[in-house]
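Me: I would like to go through the strands and the charged pairs of this model. Please keep the replies short and end each on the value or name I ask for.

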Amino acid sequence: MLFIVIALEVLLAVIALAELGLEISLVAFGTVLALYLWVSTMDVKGNYVPLQREEMPWLYDGIAEMAKKAGLPMPRVYILDDYIPTAYSFKNTIVLSLGLFEVLDQGEILAVAAHELGHIKNGDTRTFPLLAYGRYLMVLFTAVLVLLTRSLAVSLAAVTLLALYEVTRANFHKEREFQADETALRLLDTPMNLKRALEELKYYEDLRVGVKMGALPSIEPSIERKQKVQIIETHPSYDERIFRILVEMSGNNMFNNRVQ
């Protein structure tokens, strides 16, 4: 669906701008493709430390065991020097922040890693970047059509397609988050650890919001770090994820995909 929307936007540009639209399309696709290939060759930089087995054998061995169960090679694992609890994945790499080790126990951290393994297993680390670059293309084509055509009908069509892309992309991301959770449940020896991890992270986020709203002096003023305001949420809430985990754990199957 997402790639169909992009194709319609490109077709609209070609129809409205004729040869100029075709030239812009070729240049835009070439530029974005070159950027994607360049970024994909770059390695991690910044405050990342590769996980060494001798430092945390429980974490290294736990991830290795889950990766084997998922039919994946051992991923690269990095520890991010950031006190905010966070985790993400790209390529065959998992990043866990130091903040996770402050608020979660070992089983819960392994559950977070299992969720990221779920993204790798389900191909999300390849798909998500493509969707992000697709968004850049949609914004570019919409801006070009609005500025160059001076046509209300074409501008409305372009903006409508951009809005449709954003809504569809957000729904896709949410569903993939649910599927990564579902995959994690099948990789964990103690699936309930994922629910506990989400509950702890939700509590931490609620606590941060409460501190920020209180507007009180803090020994950690950076706790008020600005958050990006999402017009369309691309992640389900913790409550939604916890509910679906409870349903899955109870044996009431409401999911479509399964770990093979």
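Me: How many bridges join strand 1 to strand 2?
Reply: The model is predicted, so local features need pLDDT of at least 70, side-chain atom pairs count only at pLDDT 80 or more, and totals for chains, interfaces and linings use all residues. Residues are numbered from 1 along each chain as its sequence is written, and side-chain values use heavy atoms, with hydrogens and water left out. Strands are DSSP runs of E, at least two residues, numbered from the N terminus, and helices are runs of H or I, at least four residues; two strands pair if DSSP finds at least two bridges between them. Strand 1 and strand 2 run antiparallel, and the number of bridges joining them is three.

Me: Which residue of strand 2 is the bridge partner of Pro50?
Reply: Strand 1 covers 48-50, and strand 2 covers 76-80. The bridge partner of Pro50 in strand 2 is Tyr78.

Me: Which strands stand at the edges of the sheet?
Reply: The sheet is open, has four strands with mixed pairing, and follows the order 1-2-4-3. Each edge strand has a single partner strand, so one side of each is left without a neighbour in the sheet; the two are strand 1 and strand 3.

Me: Is Asp82 buried or exposed?
Reply: Asp82 is placed in the loop between strand 2 and strand 3 (87-90). Buried means under 20% relative accessible area, exposed over 50%, and partly exposed in between, with a 1.4 Å probe and protein chains only. At 18% relative accessibility, Asp82 is buried.

Me: Asp124 forms a salt bridge with which residue?
Reply: A salt bridge here is a side-chain nitrogen of Lys or Arg within 4 Å of a carboxyl oxygen of Asp or Glu. The closest N and O atoms of this pair are 2.7 Å apart, and the partner of Asp124 is Arg176. The pair links distant parts of the chain, 52 residues apart, from Asp124 in helix 6 (residues 124-149) to helix 7 (residues 152-187), which holds Arg176.

Me: What is the relative accessible area of Glu182?
Reply: Glu182 forms a salt bridge with Arg186, with the closest N and O atoms 3.8 Å apart. Both lie in helix 7, four residues apart, about one turn of the helix. Arg186 is partly exposed at 30%, whereas Glu182 is buried, with a relative accessible area of 4%.
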